[in-house]
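Colleague: I would like to go through the terms used for this model and see how each one is justified. Where should we start?

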Amino acid sequence: MKRHRRQDPPGTLRWRARIRRAGMGRTASALLAVVATAAACSAPAPATTTGRQVEVFTWWASGAEKLAMDVLVQRFRAEHPDVGYVDAAVAGGAGTVAKGVLAARFADGDPPDTFQVHGGAELTAQVSAGHVRPLSSLFDQVGLEDVLPPVVLDSVSVHGVPYAVPVDVHRTNLLWANTDVLAQAGLDPTARYDSLDSWMAALDQVRAAGLTPLAIGSTWTQVHLLEVVLLSRLGPTTYAGLWDGTADATSPEVKAAVEDFARIMQDTNADRDSLDWQDATGRVNEGRAAFVVMGDWAQEVFDPPVVWAPFPGTADVDDITVDAFAAPVGAVHPTGADAWLSTVAGLDTQVAFANAKGAIPARNDALQTSLGDYPRSALRTFRTATVVPSLAHGMAAPPQAVDDITRAVSSLARGTASTAQVVAALAGASWR
Ligand code: GAL
């Protein structure tokens, strides 16, 4: 992912790291105290703390996601028995419903104490709106900047200041297949598709056999599909260039990729808008469709004979989604929020969570042996592949641009918009 150019202003992570490296511990502490005081003077006054509790807002409300969330909650309760946990989860994959509720709560001046957010553009928008407070002192206490991979640290920082604690990193570009359905369609169930064309030929064959080639759900899963088709056709550099302005979204190759997306959408179930991701993946689990595209959070929901592979043409790419927690300005229980954030920043917590969630820990100091088979292989991919940010999951482009793309994709799926409108929405998405 493209990195920001920074001046390393005082108080930023890089500034503090430089000071530490230069062996200026004491001076740095004194300087930090001055900076902290200055920040405290200029920051909005914290809300009063009433009671020891924390209201935690997420969209991990059911199924495997809830089980993984329970791991965080159990660890929090063990580490902070004196702080009450209040569950404010709002159901709906990828936070599509939760984000609307969160926006309303900010508008009403009633933010939760801490909330789930994606790194990258989504977090940056919350920072620009003045909704979240810097977490520099918490990062210092935990020593987080020393244990986060640069791309992850970058995704939770704005102008070098950290604003969220990352808890995991997901791989978004995976394809899942029910090998029994492939066999029924006369396809080799062990085949791997290394290009979009070979996969599209397989979709044709499944359709010709009278079966559903690709299960899909409501609009965010369709944008997720668009994302991996773009990545496959354009490659990581041009794909990432769509968001940092170095690639032309109206180029013939982008237009052709969007045409491919439109063709693939014709191979999906018609009742897509009534399904969330768990329902769409369920169709493949139950043998009612051959393939589904979904991030590795689906690891925990599939059973044999379903297998996974990188989305065709993206084997060397890790299209990442970073899950993080931020702390609103003006929340009622800031100390409760700090307690929650310190738990989710912990190594053992992140390892347990990654194993339950089908992700890798955000921290890079986990022992390989502490990770299950999938997170261990995902960690290898993360360390060796080209990393790009997810569009559908808020990392790549600002919320407004993702909304515009989502609307265009939804209209295209319903037959009321052309691929040109999707291309136009993509052209409005660069932000860096
Ligand atoms: C993503 C999130 C994942 C997973 C997924 C489906 O946006 O980063 O952790 O929850 O949505 O809900």
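Modeller: With a definition: a polar contact is a pair of N or O atoms within 3.5 Å. Keep in mind that this is a predicted model.

Colleague: What makes the approach of Glu65 to the ligand a polar contact?

Modeller: An oxygen atom of the ligand is 2.5 Å from an N or O atom in the Glu65 side chain. The cut-off is 3.5 Å, so the pair counts as a polar contact. For Asp323 the corresponding distance to a ligand oxygen is 2.6 Å, and for His393 it is 2.7 Å. The ligand taken alone exposes 310 Å², and the protein buries 100% of that.

Colleague: Which residues surround the ligand most closely?

Modeller: There are 13 residues around the ligand, and the closest are Glu65, His118, Asp323, Lys357 and His393. The shell divides into five nonpolar, five polar and three charged residues.

Colleague: Why is the pair of Trp199 and Phe311 called edge-to-face?

Modeller: A pair of aromatic rings is described by the distance of the centres and the angle of the planes. The centres of Trp199 and Phe311 are 5.1 Å apart, and rings pair within 6.5 Å. Their planes stand at 75 degrees; over 60 counts as edge-to-face, so the name applies. Trp199 lies in helix α9 and Phe311 in the loop between β10 and β11, 112 residues apart.

Colleague: How do you know whether Trp199 and Phe311 are buried or exposed?

Modeller: Buried means under 20% relative accessible area. Trp199 has 0%, so Trp199 counts as buried. Phe311 has 1%, so Phe311 counts as buried.

Key: Residues numbered from 1 in each chain as written. Predicted model: local features only at pLDDT ≥ 70, side-chain atom pairs only at ≥ 80, totals over all residues. Heavy atoms only, no water. Near = heavy atom within 4 Å. Polar contact = N/O pair within 3.5 Å; in protein donor to acceptor, adjacent residues only side chain to side chain. Areas by Shrake-Rupley, 256 points an atom, 1.4 Å probe, with all protein chains shown as cover. Nonpolar A, V, L, I, M, F, W, Y, C, P; charged D, E, K, R; others polar. Phe/Tyr/Trp six-rings, centres within 6.5 Å; stacked < 30°, edge-to-face > 60°. Helix = DSSP H or I, 4+ residues; strand = E, 2+ residues; numbered from the N terminus. Buried < 20%, exposed > 50% of the residue type's maximum accessible area, 1.4 Å probe, protein only.
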